[in-house]
Structures are given as C-alpha cells and as structure tokens.
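The following paragraphs lead the reader through one protein structure, from its overall division to a single strand. Please keep the structure in view while reading.

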Amino acid sequence: MVTIDQIQLPDFPLLLAPMEDVSDPPFRAVCKVNGADLMYTEFISSEGLIRDAIKSRRKLDIFEAERPVGIQIFGGDEEAMALSAKIVDTVNPDLLDINFGCPVKKVVSKGAGAGVLKDVDLMVRLTKAVVNSTKLPVTVKTRLGWDDNTINIDEVAERLQDVGIKALAIHGRTRCQMYKGVANWEPIARVKNNPRIHIPIFGNGDIDSPQKAVEYKNRYGVDGVMIGRAAIGYPWIFREIKHYIATGQMLAPPTVQERVDVIRRHLYTSVEWKGPVVGINEMRRHYANYLKGLPNIKEFRAKLVTLPDIASIDPVLDEIVTYYGGLELPRPEEYFYAGTCRG
Ligand SMILES: Cc1cc2nc3c(=O)[nH]c(=O)nc-3n(C[C@H](O)[C@H](O)[C@H](O)COP(=O)(O)O)c2cc1C
C-alpha cells in the first residue's frame, strides 16, 4: 500500500496526470472505471481563482465517485497561491497539488509552473505558503530542472519535503525539453533512492504500455506511475497495466462494444456536467480517439460530430456496434501526438 498522508492507495498506484483541456470530470469518469487510482483536475490559475473567473471556478468541480481526487493549482505569487489554497479547501478534494512543471511561455514568464525551477527559493516559499494555508495534504508535480545543465530535482525534492509536501510526481524532462526526446527516469530513481526522502515518489513521462510500466517499476523503483497522453482516447491503459502486473499476461484490447460504452459514459457525463450544447460540442473532439483504428469509420464519425443531441447520437453508436460486431482491433501502439504539450 502507498499512502499520501491519510489517503490509502493500492501498491504501485496508477495516477491519471493533470491535463489542461483533457482531464475534466467526464474524462476522469472513464479513467476511474478503467482503474485509475488517483486523478487530478486540469491545472487552475491561482490568479483566476481569486478573481472568481468562471473558467477557473468550474475546474473545481469534483464528484464523490472519483475520489481520491486532487485539485491542481499554479501561480507565481505567494499570496495568490495561499488564498487560492483556501478556496480549494472549500470544495474538499482529497489533496491539493501544485504545478511546478508547466513549460508554456505564458505561465513560465509569470514565474509560475516550470518557471520556478530557476528559483528554488521561490518554489519553496510558494509551497510553504500553500501548506500553511490549507488543511489538505499538499503534493507537487514538477520536472527535472530548467535545462540539461541545471537539473536540480534532487535539491527540490528534499527542500519541498522539508516544508511539508506529502508526495512528489516527477516528469522526467526539463522545462527546455518541453516534450522532445525521451523522458529521463534516472534522476527520478535517484530521488526515490535518496535515504532522506520518505514521501511517495511517482514517475511520469512516456508510459504507454503495460510492459513499459512494469519495466520502469522494476528499473526505477518508483512508488507508482502517472500517465497522461497514453490515456487520451485509451483509458483502458489503466486496467491493462493492472492486469499485466497481476498476471504477467496482456489483457485483450477493448472490444467495439467496450469502446462504445466508454463513448456513451463520456458523452452522458459531458452533457450532464456541461449542459446539452457545450457537452455535445466538446465531446466531438473525442470520438476519433476512441474509434481510432476501426476501418471505414469515417462516415460514422462524420455523423457523430454533426448530430445535435444524445437522442440522435445514441442510434449511431448502436449502429457502430452492429456494423463492427466482434471485430478485434490490436492495441494501438502510437498514442503520442504532437502540438499540445503543456505540462
Ligand atoms: C494536453 C496536455 C495538457 C497538460 N496539462 C497539464 C496540466 O494542466 N498540469 C500539469 O501538471 N501537467 C499537464 N500536462 C503534462 C502531463 O501531466 C504529463 O506530465 C505529461 O503529458 C507527460 O506524461 P505522459 O508522457 O504520460 O503524457 C499536460 C499534458 C498534455 C499532453
């Protein structure tokens, strides 16, 4: 068992990574039923939260069925971070996560996200401000350092633990790497093996198959892994990894019926949470991911992305199941997509 303060997680927990524009409640719902052990919201601007911006407030929505769930905030100002931690308290998530990993210019230039990797003292002050103003367990997600010449995760881990964080998730890239190259897990293993470190250390970066999860578990000794891009359009990755760890066997890939079941759950939750117009619209970008690899899917997809409501979409989903019947699709090997790399 792995524990984050009072939160009890199974051995080698699988975490769904926080992802802006992706890990909203409907997406989290499909990851939860497929085995994610701990999930995070999209990152929320501390400045936005205290300004009462609708977009930021909305990201605070969490549901009982998805617990344990963490709310992630970012910002470069101690007071704003402390105040927003108090706001997060009021919605009672299981934990509060600080984002010190976001590499985008807009965030970094304000000294937030991965920007603080250049100023560890500020990072420590921001963390302290949050820890002191919330009763929730505080965790951090960050990168290895600013660039290859300034990898400082060893110091960062010790100092953040000293000011009271309860777990650390490390993405094995530097800020300057953005998403290029292969994630480097050696520094993550070094942190995990540091005898001074007693909080759980979660590894993050490039996990896209059960084999890789197990290989990295054994090679780097982390307490669990956090999965981002490979879960997009493929939430079954969580159950596949669990099955592989338990049995050493690969689980069969999802059937067409299972794909459609996940689409339905995502769609229904989306409409419930966002309302009938936005819910239907925002769901449109997900169909292609869930139906990837099905031959001749174009026509069905075209219908799904134009139909206006659940009543008209539901019969098309039924048609897809009937049309493809028991067709078995191999597991997709390539999930990663370019262009939207933010954390
Ligand atoms: C679309 C997208 C949005 C992201 N948004 C966030 C975010 O809000 N907060 C965060 O800490 N990381 C964010 N990230 C980074 C991921 O949490 C994760 O660290 C990264 O994708 C590497 O893990 P992976 O190789 O499993 O995808 C985002 C990544 C993507 C692809």
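A residue is called buried if 20 or more other C-beta atoms lie within 10 Å of its own. This term is needed below, where the model, which is a predicted one, is examined strand by strand.

The protein is divided into two parts, domain 1 (2-247) and domain 2 (256-324). Their C-alpha centres are 30 Å apart. Nine residues from domain 1 and 10 residues from domain 2 form the contact. On the domain 1 side, seven of these residues are nonpolar, one is polar and one is charged.

Strand S8 (residues 167-171) deserves closer attention. Five of its five residues are buried. Ala167, Ala169 and His171 point one way from S8, while Leu168 and Ile170 point the other way. In a regular strand, the side chains alternate between the two faces of the sheet.

Strand S8 also has partners. With strand S7 (residues 138-143) it pairs in the parallel sense over five bridges, and Ala169 in S8 is the bridge partner of Lys141. Strand S9 (residues 201-204) runs parallel to S8 and is joined to it by four bridges; here Asn204 in S9 is the bridge partner of His171. Helices link these strands in sequence: S7, helix H7 (residues 153-162) and S8 make a right-handed β-α-β unit, and S8, helix H8 (residues 186-193) and S9 make a right-handed β-α-β unit as well.

Finally, an unreviewed UniProt entry lists Cys102 under "active site". Cys102 is found in the loop between strand S6 (95-100) and helix H5 (105-108). Because Cys102 has 23 C-beta neighbours inside 10 Å, it counts as buried.

Terms used
Residues are numbered from 1 along each chain as its sequence is written. This is a predicted model: local features need pLDDT of at least 70, side-chain atom pairs count only at pLDDT 80 or more; totals for chains, interfaces and linings use all residues. Domain bounds come from an automatic or database domain assignment. Two residues are in contact if their C-beta atoms, placed from the backbone, lie within 7 Å. Ala, Val, Leu, Ile, Met, Phe, Trp, Tyr, Cys and Pro count as nonpolar, Asp, Glu, Lys and Arg as charged, and the others, Gly among them, as polar. UniProt positions are given in the numbering used here, feature names are shortened, and annotations may be inferred rather than shown by experiment. Helices (H or I, at least four residues) and strands (E, at least two) are DSSP runs, numbered from the N terminus. A residue is buried if 20 or more other C-beta atoms lie within 10 Å of its own, exposed if 12 or fewer, and partly exposed in between; C-beta atoms are placed from the backbone. Two strands pair if DSSP finds at least two bridges between them. A crossover is right-handed if, with the strands pointing away from the viewer, the path from the first strand over the helix to the second runs clockwise.
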